[in-house]
Amino acid sequence: MQGETRSISFDGREIRLTTGRYAPQAGGSVLIECGDTSVLVTATRASAREGIDFLPLTCDYEERLYAAGRIPGSFMRRESRPPERAVLTARLIDRPLRPLFPGWLRDDLQVVATCLSLDERVPPDVLAVTGASIATLLARIPFQGPMAAVRVGLLGDDFVLNPSFREIERSDLDLVVAGSPDGVVMVEAGARQLPEQDMIEAIDFGYEAVGELIRHQRELLAHLGIEPVLPEAPAEDTTIPDHLRQACGTAIGEVLAQFSLSKGERDTALDAIKASVAESIAALPDDDPVRRAVQGSGKLLGNSFKALTKHMMRAQILDQGKRVDGRALDEVRPISAAAGVLPRRVHGSGLFQRGLTQVLSTATLGTPSDAQEMDDLNPSTEKHYLHHYNFPPYSVGETRPMRSPGRREIGHGALAERAILPVLPSRETFPYVLRVVSEVLSSNGSTSMGSVCGSTLALMDAGVPLAAPVSGAAMGLIKEGDQVRILTDIQGIEDFLGDMDFKVAGTAQGITALQMDMKITGLAMPTIAEAIQQARPARLHILEKMLEAINEPRDTLSPHAPRLLSFRIDPELIGTVIGPGGRTIKGITERTNTKIDIDDNGMVTVASHDGAAAEEAQRIVEGLTRRVQEGETFQGSVTRVIPIGAFVEILPGKEGMIHISQLSESRVEKVEDVVKVGDAVTVRVREIDNRGRINLTLRGVPQENGSLPSSPAPVVLPIEEV
């Protein structure tokens, strides 16, 4: 097998690109490596299927646990359905790649990235995104690249390029920037309430690094003698578009100018115009070119009508500064918010509505054992905050089969989850596992940001002590040449007609999450900066409306939520609490009717609906793990009596033994002559042997009645027995 490896220097690291060696039957392939992380990325093109009127692009990210030297934990012991993080990485590849393919391309395209080896210093996701661009170029697919991605962290006051997993955990920012020669094409970020200006500088910092990777890709292509395939649009038949413009352009314009129309009324009016035009075309002679064109393609009329409507909507915004619902460009739709809308058996609930977008969010508090185990390549193996997003068909007035969550639902849930994470209390102070479910009851744009707002309401209603409430808004863009209009709080039709979907979530102090997707080949930094700054007053306005519903977390939790006590023990003593075969901890839970979780760091969490029972369990565990010192005195209770001594519980769950020789200053013939089961005694720790056993004594230890234990009175035997 022949191939060529080319090394490039990037931010003081070596990135190795191997082409021509792996996956020879794929259209294009590259093994991209940095450190010990290796990702194989392939791009394959197949002929267009008949009747397809969109780009059938599929991006897959495959994790193989052998990359981290692990065997899958499933019953089948092999990888099956991609884990959530793999789905999010697949979306990370798709989002910057898709807008760079020409709009007329209809061929089947598939990009597959497979992580073959993992180095915890080098996360594989941004390598996979850059590798997707290289593989696509090598496959000679029409593509407006190159494209590349980098991750930006913030440690202290310094931006860090492509931080390690450990650095990401400590960073105040986790930002992925993807760009093309035309500008930034995708942004994904989570942040700890980062000010807008700092976020703008971070994106600019990342895009500068992207430019270097683009240059290296061009050098690679030149070295291999490969000319990029530039998009060349096929000749387009304008018969139908020209006819529609003349036949119904005025009517469409009149509908769009009626700002008082609701979404349903506007859709109905546009459908009526399209039906009328279709009838008029059907009445034309058979040899009319318009009728022949429509008969040649069943979707041509509908697609051309959508394109004309989109063009006229964009022109109205650019020329008049008016949106289809009459709002100003920076105006937010009417907002309503409510907390506690469901019975308190649901731990917390919030209903958020903006325009026609309505989201019901619920919060559930669980114990540490409810944490989600993550069987993937990420070093973080558990999730303690989960956000699940559901998008049923009725939310858009449609019918379709209800299936398991798709990539869109997973992606929107992850974005809302990322927005809330920075304001959650620490596990030490609030050890609950939290699950929020956002049900989209009605959708007309920006449901992910509606989920962020609904989540905040639900968590505050549940009594979760958030550091600050979070709100979010989606920004849009209309760009034609030098004309640029930024839209605040876009609705569904503006998402369809626009060039950008830029979601910004945060608190009054700063940004907690960003997600920007483009439909054009890139956006300049000044426009991105303007969109971020324009989102701030919108977020604050939305936040103000939310705080009218609930302005701080509830003082008390739902009576149906578990009560948790959390405390630390020495990790070396975890085995003492668990006991042989788990008998000790099982005994504690049965005795107190509680649930106890212990993590590897010694954090103990006791869950119970009875506060007194939880406190009793805590006393027992603390007693078991307290290090007893020789010479200490304890008030205890006799639990067992054996011929050679008595056992005394000196702390909850911890016993020591008094040898019969230590029961009194004088000789004792029988243990029961001095103590019996249930007796309260004061004992002193005489010694702790090399096996950790506690030996006690009563000798020289005053009891509560002030006396010292003594031997029983001597027995006087009858004379005849003498």
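**Exercise 1. Describe the open sheet that contains strand E11, and state which strands stand at its edges.**

Solution. The sheet is open and has 5 strands in the order E11-E12-E13-E17-E16, with mixed pairing. Strand E11 (335-339) and strand E16 (385-390) each have a single partner strand and stand at the edges, so one side of each is left without a neighbour in the sheet. On average, neighbouring strands here are turned by 15° against each other, direction ignored.

The model is predicted: local features need pLDDT of at least 70, side-chain atom pairs count only at pLDDT 80 or more, and totals for chains, interfaces and linings use all residues. Residues are numbered from 1 along each chain as its sequence is written, and side-chain values use heavy atoms, with hydrogens and water left out.

The terms used so far are as follows. Helices (H or I, at least four residues) and strands (E, at least two) are DSSP runs, numbered from the N terminus. Two strands pair if DSSP finds at least two bridges between them. Axes are lines fitted to C-alpha atoms, for helices over the stretch in contact, and angles run from 0 to 180 degrees between N-to-C directions.

Next, take the pairing at one edge. E11 and strand E12 (residues 348-354) run antiparallel and are joined by 5 bridges. Within E12, Phe352 is the residue opposite Ala337.

Finally, add the helix. Helix H10 (residues 447-461) lies across E11, E12, strand E13 (357-366), E16 and strand E17 (433-442), and runs at about 145° to E12.

**Exercise 2. Analyse the sheet with the order E22-E24-E23 and find the helix that packs on it.**

Solution. This open sheet has 3 strands and antiparallel pairing. Strand E22 (563-568) and strand E23 (595-598) are the edge strands, each pairing on one side only. The average turn between neighbouring strands is 15°, direction ignored. E22 is joined to strand E24 (residues 603-608) by 6 bridges, the two running antiparallel. Arg563 has Ser608 of E24 opposite. Helix H15 (residues 611-625) packs on the sheet and touches E22, E23 and E24; the direction of H15 makes about 15° with that of E22.

**Exercise 3. Locate the largest nonpolar core and follow Met199 out of it into a helix pair.**

Solution. A nonpolar core is a set of buried Ala, Val, Leu, Ile, Met, Phe, Trp, Tyr and Cys residues joined through side-chain atoms within 4.5 Å. Buried means under 20% relative accessible area, exposed over 50%, partly exposed in between (1.4 Å probe, protein chains only).

The largest core has 92 residues, and those with the most contacts inside it are Ile93, Met199, Ile203, Phe502 and Leu514. Helix H4 (residues 196-224) gives the largest share of this core, 10 residues. Another core, of 40 residues, lies apart from it and includes Ala363, Val452, Ile542 and Leu564.

Contact means heavy atoms within 4.5 Å. With neighbours within four places in sequence set aside, Met199 contacts Leu173, Ala189, Ala191, Leu194, Ile511, Leu514 and Ile532.

H4 packs with helix H12 (residues 525-549) at an angle of about 155°, the axes being 10 Å apart. H4 and H12 are therefore roughly antiparallel. Angles under 35 degrees count as roughly parallel, over 145 as roughly antiparallel, 65 to 115 as roughly perpendicular and the rest as oblique. The crossing is right-handed; a crossing is left-handed if the near helix is turned anticlockwise from the far one by less than a right angle, and right-handed if clockwise. From H4, Glu196, Gln197, Met199, Ile200, Ile203 and Asp204 meet Met525, Ile528, Ala529, Ile532, Gln533, Arg536 and Arg539 of H12.

**Exercise 4. Determine how H1 and H2 are oriented to each other.**

Solution. Helix H1 (residues 84-97) and helix H2 (residues 125-138) pack at about 45°, with axes 9 Å apart. H1 and H2 are therefore oblique to each other, and their crossing is right-handed. H1 contributes Thr89, Leu92, Ile93, Pro96 and Leu97 to the contact, and H2 contributes Asp125, Ala128, Val129, Ala132, Ser133 and Thr136.

**Exercise 5. Describe the surroundings of strand E29.**

Solution. Both faces of E29 (residues 694-697) are covered: Ile694 and Leu696 on one side, and Asn695 and Thr697 on the other, are all buried. Strand E27 (residues 654-659) runs parallel to E29 and is joined to E29 by 2 bridges; Met657 has Asn695 as its bridge partner. Strand E28 (residues 680-688) pairs with E29 in the antiparallel sense over 4 bridges, with Ile688 opposite Ile694. E28 and E29 form a hairpin with 5 residues between them, and Gly692 in the turn has a positive phi of about 80°.
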